[in-house]
Structures are given as structure tokens and as C-alpha cells.
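This report goes through domains, contacts, strands and two backbone details. The sequence and structure come first.

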Amino acid sequence: MKMFTFAASAAILSWASVAQAQETLTMWYHGAGNEVELKLINELITDFNGSQADWKVELQSFPQAAYNDSVVAGALAGNLPDILDVDGPNMPNWAWAGYMQPLKIDESKIEGFLPGTKGVWNGQLYSIGLWDAAVALVTRQSTLDELGLRTPTVDQPWTKDEFMAALDAAKASGKWEFPLDLGMAWTGEWYPYAFSPFLQSFGGDIVDRTTYKTAEGALNGEAAIAFGEWWQGLFTNGYAQATQDPADRDGGFAAGKYAFSWNGNWAALGALSAFPDTVFLPPPDFGAGPKIGGASWQFGVSATSKHPEGAAAFIEFALQDKYLAAFSNGIGLIPATASASEMVDNYKAGGPLAVYGEYSSKLALVRPVTPGYVVQAKVFEKALADIANGADVAATLDAAVDEINADIEKNGGYGH
Amino acid sequence: MAMISAENRGLRLATRYAVLVLIAIIFVFPLVFMLMSSLKPDQQLLEDSGNLRAFLPVGDISLQNYWDAFKRAPVATFVFNSVLVTGVTVVLSLLLCSAAGFAFVFVNWKGRNTLLALLLATLILPFETIAIPLLMMVAYLPWLGMEGLIWGWLNSYHVQIIPFIADGLTVFLFVQYFKDLPGELIEAARVEGASWFQIYRKIVMPLSGPIFATAAILKFLVMYNQYLWPLMVTQEEGYRPVMVGLQYFFQLNVAWGEVMAYLSLITVPVLAFYLYLQKAFIASIASTGVKG
């Protein structure tokens, strides 16, 4: 009995000393209101806290719609956490603004990660994601057969002419309200994420990536004008709606209103349950190769963290395949590694969503890696919305270039 | 002639009622839409939104959205926080601003007109212009609480209350109202030897019920609808108010039924407060109108 009492006391004392020794790390995450995502992140934190004696992560979650504003306010008040998550394209801005510091992890552990999951700015890794997202042209095999269309692949995507012929065929059939659902009901980041790859496939871009000091030529050059005219033609020629009811975006494809839908992998299972013959096609090649957007939410370390090594230890811990797979199973996004994909029924070889992994690894182009992106994204969105609603293409793109260049100049080139 | 006049009067009355009913419908329908939508599944809600069914409890009616709203967000915490912060701010604001108004109107002191002018000038400053400097200030202010002296007010109730206790508009309302109170009463009380506090407490306050109600309702609405400031100063979920909580429902695919259920829940305290004070509020508006 004495032995037992002694052993129990020793165990309690050792547990207490371990608990006392653990340094607290604060973490902010954008998943408030998303029950599944919060459950997963809490499980990850519990596992990490129990796996070692040095660090204890405490989570504060924020609603996604208010997250970026909260981080900016936290930075102004000198109240950032140790670990924060950041939407990939915003990372350069936060790093440039002094909110984040380079992430010191063993980079051999992320060698096999999808390119869009790595947040690199100024040659340094700042953030890393457990998943990526991808967009595809969603349709049904029966639609392709009915319209006599070949099935495009990553190696042989549709050309612009083939794509427009497909839309023409769908329109001529009269079977659908509109041939194409672009998701115009969604605003904000959807525009640069989903539509700037079209511009890049034409050969243009939001900003000149060789210097990041001007948008001249990239957003208003010949390729960009061709893109703008094509974009406007989608609406003026009745291929797509410039204004869309959100309900149609959510359920229009399943209700048979659209022949094709430009949508993300997060909506793929819904499409499959509506039509088992749903196929996810690669984007068309408008001349400079087929492109989709890359980069989703990623983890990083705040610039004010007093324990960057602890924060990095947590992030490294999170990079295990089992967590990548768990998040993918829970929220439907693409696991960052091929080995984790094999652990997920949807994304393993032969899985119903496996093509998204292929698109993400072969076609993804991250949005412009510059602190100015946060402004450029809004300018791009406005320009595209205006053009969709009939504004003059060249004048609108010229105005967008002026606005982007003025912002770059005002901010001293954003450190480029 | 008398008959025609009676007919005319009847017609005028009917027209007046028709206009009033129309206005009432315009104001009530959004609330009815919100309540009815909160009882319907998303698909039906969206289908009904284009027709009159949106205002009727028809179809697949249930309280499921309310249940789901409570599962998605700590609704009770958000409502409690908002009611607490709003309630305390309103009470403190009424006391402080009415006392300030009293001092501006009845007490003769050097510089009061200049100070009142400065105070009124703050009315043209939108809160957004001072939000960031205020944030940077409160982040480093000391606070003596249960844990002893701490630095920084973030993640607390008092950071949501103290900056909003005094404001130019509320002081202005009291000043305007107090100016119309009979000055003879105050002078008589002074002659009788009453202190300024006794005059404020025993004479002015009992005569100022309507303006207290008006100021309370206006302050209540401002505080209950706070979004930007609490978003900036409450990183901890336990201190967030209802308007920040609303963002929990705007995920990629918005659950509109839950949004409507949440909005219905958080509207209840506002309606209850307004109904409680509406007589005094209307009296205040009416008396203000008569004065002009």
C-alpha cells in the first residue's frame, strides 16, 4: 500500500511539474462558427499539448469574415498571438507590415507539399498550409456526350475555341438556362482566386511579377485586353449571368440550370451527390497554358511571439499526414501531400476527387506574391465586375492599372 | 351640407388609416419576414423569398434553425455580453451626461460655452476616425481589477463600456431639454439653500423623464449595435457581443435560416427595451415638436 501511495504521489508530482513547466502559446484561427473545423483544430492542439512537456497551445477562434480585421487590430494594439493562420495571398502583406516572422521549420518536411501550400516571400518561408483548394470546370459526362464534346485532360485541355464551341453547343441545345455558372454571386476573394487564372492563361496578370512595381502591360496589355473582351462577351452573348442569385450559385448546377459550373473542390461532393456522372474538367488553355489559383489558409508565427521555436514546433507537429488527412476528411480540401491523399477516400488514386490533387500540383499558380496584393485584389474585382456589366474594357483596365500603380508608389514599392 | 362634411371626414379618416396601415406594414414586414424565415429550412426559405409565402408560416416549419444557431455559436454568451455592456453603459451615460448637461445649463462657470461648443464639435467626428488612436491608447492603459494592477484593457467588459459613457449627442440632448425647464424653480431652490446636487436630484431629474427615456433608447441602440469597436478589442470569445457573433453564421455557404434565427433572438432585447420605454420616448418626441 505504501508503495502504491508513493508511486501515485510521484506520478502526481511529476505530472504537476510537467504541467507547470509548459509555456503557454496563444493561437488565433479563423474557424469560429464552423463546428467541424474547430473540432479538428482542437484535437490537433490536444494531441500537441499532450505530446511534449515544453509548450501548451491555447486557441482563440474568430469568425472568418472578421478574422483579417481582428489580426490588423491586434497588431496595432501590440496584441498578436504566437501562432496565427493566414490566407495564403495575404501573407506577404502581413510579413511586410511586420505582423509575421519567417517560419523556422525543418524544410525537408515540406518538400513533398503542394506548391500552393508554401507561403514564401522574399525568399523565406513564412507560412505553411495543411491543405490547398482547387477549382475545376464541373459538368456531367452525359452533357459531354449529348453535346458531342471530347473530354479534356491536364495534358490536352480544351483550347479557347473548343471551350467556346462547348458553350455554344450548350446554348444552342436550349436545355439549360445558361451554359456557364461562373459563381458571380460570390464576391471578394473569389474574383482574383477564380478569375485571374483566366487572365493569366491569356498571358496577362494582375501585376508584373518580374518587378512587382507596376501593373502596366500586365493588366492592360494586349493579352489582358483580349481577356477583358472575352470576359465581357461571356455576359453580353448570354453564356453567363453578370448578376447571380446566391441560391443559384449554391444549387443551380444540381437543379439543372447550368451545363458547366466553375467551382471549387469544396462543392464537388454536392455535385456528385446530385449527379453521379459529374466530371471535374481542367480549365481551358487560352494560349499561355491552363491555370487555376493556388494557396489557401496557412499557419505562421507572429512577429511579436516570444516563443517562435514553440510556435514552429506546433506547426511542424501539425504537418503530419494524419492531420492533413483528418482536415481533408472533415472539410473536404486537398491534403498537402500525396501520402496524406492516399489516406483520404476522396483524394486517393481513383478517388472521386483525385483530379483536384492533380490540378493543384500541375496547374496552380499562386496569386501575386506581394504585399500590395490585398489592394490589387480589390481593384481587380471591381474592374471585372464593371466589365461584366458593360464597362469599356480598355478604359477600365487602364484605370485599374493606374490605381494599382498609385498604391504601389504610395507604399514605396512595398519593399520590392 | 352637414352630411357632405361628415362623408368628407369619414373619407379623410379612412385615407389616414390606410396610409398609417401601409406605413406600419412597411416597418413590420421585415420583422415578420425574419421571424417566418427563421422557421424554415434554407431551400424553402430561398424559394419563398420571391413571393408572399415569405411572410407566412407555411411549409416545413420547425425550430431547427434555432437549435442549429445555438450549436454553431455561443448565442447566450453573446446576448448576455451585449445586454451587460449596453445596460451598464446606458445607466452610467444617463447619470454622467445629465449631470454634465445640468452643469452646462444651470451652473455659472468660466469657459462653459467654449467647452460646450467643443463637445458639440465632436458630433461631426465619426467614430471610425478615432477608433485606431483609441485602440492604441486602451491597449496600454492600467486597470485595477480582481487580479491586481494590469496593463491594457483589451478583452474586458470595461473596454467596451468606458469609452462610450460620455458623448456629445447625449449631453446635447440634456442641455436642450434642461434649457426649457423653468429657471424660477432652480433659482427658488438656490434661495432656499439647496445644493446643486439636491437641485439636480430632487427637481431636475423628476421633471426630465422623457429626455432620460429618449437618451436611454438612443444610447441603447448605439451600444447594442456595436460592431467595429468590440471586433477590435475582444480577441477572446467570452467577451464578444451579438453583432460580432453574427459573423459566425457567414461561412462560405451561408445558412440563412440560422442567420434569421440568430437575428430573431438578438432582436428580442431591443424590442423589449423599446416597448418598456416607448410612452416616455413618444412623450419626449412630442414635447420636442411642440417646443419648436
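Where in chain A does Asn122(A) lie? Asn122(A) sits in the loop that runs between strand E5 (118-121) and strand E6 (124-128) of chain A. The model discussed here is predicted.

## Two asparagines with positive phi

Most residues other than glycine have a negative phi. Asn122(A), in contrast, has a phi near 55°, a positive value in a residue that is not glycine. Asn122(A) counts as partly exposed because 13 C-beta neighbours fall inside 10 Å, where 20 or more would make a residue buried and 12 or fewer would make it exposed.

In chain B, Asn155(B) also shows a positive phi, near 55°. Asn155(B) is in the loop between strand E2 (148-151) and helix H7 (158-161) of chain B. With 16 other C-beta atoms within 10 Å, Asn155(B) is partly exposed.

## Domains of chain A

The domain assignment splits chain A into domain 1 (24-133 + 296-366) and domain 2 (135-291 + 372-415). Their C-alpha centres are 27 Å apart. The contact between these two domains of chain A involves 18 residues from domain 1 and 19 residues from domain 2.

Which elements give two or more residues to the side of domain 1 of chain A that touches domain 2 of chain A? They are helix H4 (91-96) and helix H14 (354-363) of chain A. H14(A) provides the largest share of that side, 6 residues. By class, the side of domain 1 of chain A that touches domain 2 of chain A consists of 13 nonpolar, 3 polar and 2 charged residues.

## Strand E8 of chain A

Strand E8 (residues 135-140) of chain A is mostly covered, with 5 of its 6 residues buried. E8(A) pairs with strand E10 (residues 258-264) of chain A, antiparallel and through 4 bridges. In this pairing Val138(A) is opposite Ser261(A) of E10(A).

E8(A) also pairs with strand E11 (residues 278-281) of chain A, again in the antiparallel sense and over 4 bridges. Here Arg140(A) stands opposite Thr278(A) of E11(A).

## Contact between chains A and B

How many residues does the contact take from chain A and from chain B? Chain A contributes 21 residues and chain B contributes 22 residues. On the side of chain A that touches chain B, at least two residues each come from strand E2 (55-63), helix H3 (64-76) and helix H9 (246-251) of chain A. H3(A) gives the most to this side, with 8 residues.

The side of chain A that touches chain B divides by class into 9 nonpolar, 9 polar and 3 charged residues.

## Domains of chain B

Chain B is divided into domain 1 (1-62) and domain 2 (74-291). Taken over C-alpha atoms, the centres of domain 1 of chain B and domain 2 of chain B are separated by 34 Å. Their contact takes 9 residues from domain 1 of chain B and 7 residues from domain 2 of chain B.

Helix H1 (2-37) and helix H2 (42-48) of chain B each supply at least two residues of the side of domain 1 of chain B that touches domain 2 of chain B. That side of domain 1 of chain B has 5 nonpolar, 2 polar and 2 charged residues.

Notes. Residues numbered from 1 in each chain as written. Chains lettered and ligands numbered in written order. Predicted model: local features only at pLDDT ≥ 70, side-chain atom pairs only at ≥ 80, totals over all residues. Domains from an automatic or database assignment. Nonpolar A, V, L, I, M, F, W, Y, C, P; charged D, E, K, R; others polar. Pairing = 2+ DSSP bridges.
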